[in-house]
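Hi,

Here is the structure I promised to pass on to you. Have a look at it first, and then read on for what turned up.

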Amino acid sequence: MHCDITIQTAPFDLGAEEAALRAQAGDAGALVTFQGMVRGHDAAIPLTALFLEHYPGVTEAEIRRIAEDAAARWPLTAVRVIHRVGSLAPGEGIVLVLVASGHRAAAFAGAAFLMDYLKTEAPFWKREHFADGSQRWVDAKASDGDAAARWA
């Protein structure tokens, strides 16, 4: 399986990333793409920015471990994960997951697995900045843990 993991501040280009994965995916019959975006409405006060921090080297290694676990469960031919860090505005892309496989069921399952574990296992720290000037660290959500638990 071909696996690419990138942590970056710059926006990603969905079309370019999909084309690159297609070139690496071999004879894949399915490609699933998930793009997560910053929401501006999780609280009563509008969100103006989401600031993400990570632990360089450790974060990439953990995401690679998650991708390798997915490839051990399903016949994936290629995986591409891009996660952004730094200050992001509502509506901006925060994460991109592309998964290729010979068949759609494996590609969908692999992508869902990756996202569930990215939300619960990848070492990112998120701080929300609100229109009234207040800030808060984002706590883990029980629903994210429940989603990841289904793969155990």
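**What turned up**

Strand E4 is mostly covered, with eight of its nine residues buried. Please keep in mind that this is a predicted model.

E4 (76-84) has a partner in E1, which runs parallel to E4 and is joined to it by seven bridges. E4 also pairs with E6, here in the antiparallel sense, again over seven bridges. Arg80 in E4 shows both pairings: Asp4 stands opposite Arg80, and in E6 the bridge partner of Arg80 is Leu98.

Now to the packing. The largest nonpolar core has 37 residues, and those touching the most other members are Ile63, Trp74, Val97, Leu114 and Leu118. At least two residues each come from E1, E2, E3, H2, E4, E6, H3 and E7. Helix H3 gives the most, with nine residues.

If you want one residue to start from, try Ile63: leaving aside residues up to four places away in sequence, Ile63 touches Ile5, Ile7, Val81, Leu118, Ala122 and Phe124. Apart from this core lies another, of eight residues, including Phe12, Ala25, Ala78 and Ile82.

The surface has something for you too. Tyr55, Val58, Trp125 and Trp137 form a nonpolar patch there, with about 450 Å² of accessible area together. Val58 is found in helix H2 (residues 58-73). Why can Val58 count towards such a patch? Its relative accessible area is 41%, so Val58 is partly exposed and passes the cut-off of over 30% for patch residues.

Best wishes

Note on methods
Residues are numbered from 1 along each chain as its sequence is written. This is a predicted model: local features need pLDDT of at least 70, side-chain atom pairs count only at pLDDT 80 or more; totals for chains, interfaces and linings use all residues. Side-chain values use heavy atoms; hydrogens and water are left out. Patches are made of residues with over 30% relative accessible area and no salt bridge: like charges are joined within 9 Å, nonpolar side chains (Val, Leu, Ile, Met, Phe, Trp, Tyr) within 5 Å. Accessible areas come from the Shrake-Rupley method with a 1.4 Å probe; for residues, only the protein chains shown count as cover. A salt bridge is a side-chain nitrogen of Lys or Arg within 4 Å of a carboxyl oxygen of Asp or Glu. Helices (H or I, at least four residues) and strands (E, at least two) are DSSP runs, numbered from the N terminus. Buried means under 20% relative accessible area, exposed over 50%, partly exposed in between (1.4 Å probe, protein chains only). A nonpolar core is a set of buried Ala, Val, Leu, Ile, Met, Phe, Trp, Tyr and Cys residues joined through side-chain atoms within 4.5 Å. Contact means heavy atoms within 4.5 Å. Two strands pair if DSSP finds at least two bridges between them.
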